[in-house]
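Subject: Structure for you to look through

Dear colleague,

I am passing on the structure we spoke about, and I would ask you to open it before reading further. My notes on its ligand and its cavities follow below.

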Amino acid sequence: MGFILAASGSAVGLGNVWKFPYIVGENGGGAFVLIYLVCIFVIGTPVMLAEFTLGRKTNRNPVGAFEQLRPKSPWIGIGYMGVLGGFLILSFYGVVGGWTFAYVVKSITGSVLAFPHSKEPGEFFASFIGNSWEVLFYHALFMGTCIAIVLRGVHGGIEKACNILMPTLVIILVLLMIRSLTLDGAMEGVAFYLTPDFSKITGSVVLIALGHAFFSLSLGMGAMITYGSYLSEKENLASSTAYVVMLDTLIALLVGMVIFPAVFAMGLEPAEGPGLVFSVLPTVFASIPLGHGVAVIFFVLLAIAAVTSGISLLEVVVAYFIDQRGWQRKRAVLIAGLTTFAFGIPSGLSFGVMADVKFLGMTFFDNIDSIASHYLLPLGGMLTAIFVGWVWGTKNVHIEIEKHNNKFGFPWAQSWDFLIRYITPVAVGIVFIATVFY
Ligand code: TRP
């Protein structure tokens, strides 16, 4: 159980609670959700099994893993891309992690819940993220927390924390979902969320869904290679993969069922962007008994979920400097953590003083998110699939998975072989090409 929980701790995070609903809202609802689910099961799941296997087999960080299997080959580049990806993602992830820390404080003091009108929490949030010093303070607090944990190494504490965290999060989400679904006008939101309207789907929308499948499952940059390297041979890699994927997907889908009924019931805009959950949830909390307490618990859980994901991003960068460059852990963590924080500052300011500084029509924050989530992760996942399917070979994967009498037989092994060798590389390739033309 420990490993599944730690890997879920990496997978379940802001991607599920903050990012999923806002990109579903921006990209038309039901059809996007459907494409996302197809990407999760057809592309993400096989890649997760590949990453776990690479990690456990080699017992190394992502760069070291490829190096051990194919020394001095260009495949090691996948590992370097992963280290870069971890750095880029954590730089803006830390900003949003900081927002959740701030909302822990603001829900304790009650200031987020004090609004009679459902439009006000959105204005409150917008003015908060426009406040440079406050945003940077919480950003620093979040990064400091990740740094402090990774300094001690990822084993131990995190697994125990996730043990309580995940079930509580699911219970709270189910309660909130019941409240959302019973608001007046909720069904319009359910329809938006569940009825596919394919007229809104273009190549770039599919790329966003694909990128988010990788993002939400922590794939495409070696995080799961790193976590797989902590795994014992007794553990069943295939069933661990299934658990992590199901839990991650369940939580994202539940969050959608909380947010969209509430958005429509309260007359808000589903496409409002990164502030969506922060503008919607306070009104839901305010409308339930003991809402103040529920809000505090919810934001604490969200903050912990963000930290357990943040450390998995930082750990990839740190493991590289320790294993490949021979640095002391302390030096690696401090330098990687502080550099990531510094590089994240313009992302933190992207909703305030730097809101008008745009490149390709996007803020700094959106550019970094887009480079990492839409390009680096799918590319990393595709190359990992090609490497495992064609270079290292699926036979070696079967051998690794079947250690200690674990079974990986018909039809799972054959389906996995087919998906990883043909479907993942071809599908990601088609989506990349489609983005250029549609
Ligand atoms: N999956 C996490 C989330 O949903 C974010 C995350 C952690 C991640 N580690 C990662 C994303 C590695 C991509 C790659 O919030």
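A residue is counted as near a molecule if one of its heavy atoms lies within 4 Å of it. Please keep in mind that this is a predicted model. There are 17 residues around the ligand, and those that come nearest are Ala 11, Gly 15, Tyr 93, Phe 215 and Ser 218. By class, this shell holds 9 nonpolar and 8 polar residues, with no charged ones, and the helices that each supply at least two of its residues are α1 (2-11), α2 (14-26), α5 (76-108), α10 (203-216) and α14 (291-325).

Looking at single atoms, a backbone N or O atom of Ala 11 lies 2.9 Å from an oxygen atom of the ligand, while a backbone N or O atom of Ser 10 lies 3.3 Å from a ligand nitrogen. In Ser 218 a polar side-chain atom is 2.9 Å from a nitrogen atom of the ligand. Taken alone the ligand exposes 370 Å², and the protein buries 100% of that.

Where does the ligand sit? The ligand occupies the largest cavity, which holds about 150 Å³ of space and whose lining takes more residues from α14 than from any other element, namely 3.

The search of the whole structure found 2 cavities of 30 Å³ or more. The second largest has about 50 Å³ of space, and its lining, which includes Glu 51, Phe 66 and Thr 384, divides into 5 nonpolar, 5 polar and 1 charged residue.

With best wishes

Conventions:
Residues are numbered from 1 along each chain as its sequence is written. This is a predicted model: local features need pLDDT of at least 70, side-chain atom pairs count only at pLDDT 80 or more; totals for chains, interfaces and linings use all residues. Side-chain values use heavy atoms; hydrogens and water are left out. A polar contact is a pair of N or O atoms within 3.5 Å; within protein, one must be able to donate a hydrogen and the other to accept it, and residues adjacent in sequence count only if both atoms are side-chain atoms. Accessible areas come from the Shrake-Rupley method with a 1.4 Å probe; for residues, only the protein chains shown count as cover. On a 1 Å grid over the protein atoms alone, a cavity is a set of points where a 1.4 Å probe fits but cannot get out, and a pocket is an open set with protein on both sides within 12 Å along at least five of seven lines; lining residues have an atom within 4 Å of a point. A molecule sits in a cavity or pocket if more than half of its atoms lie within 2 Å of its grid points. Helices (H or I, at least four residues) and strands (E, at least two) are DSSP runs, numbered from the N terminus. Ala, Val, Leu, Ile, Met, Phe, Trp, Tyr, Cys and Pro count as nonpolar, Asp, Glu, Lys and Arg as charged, and the others, Gly among them, as polar. Grid points are joined across faces, edges and corners, and a volume is the space filled by probe spheres set on the points.
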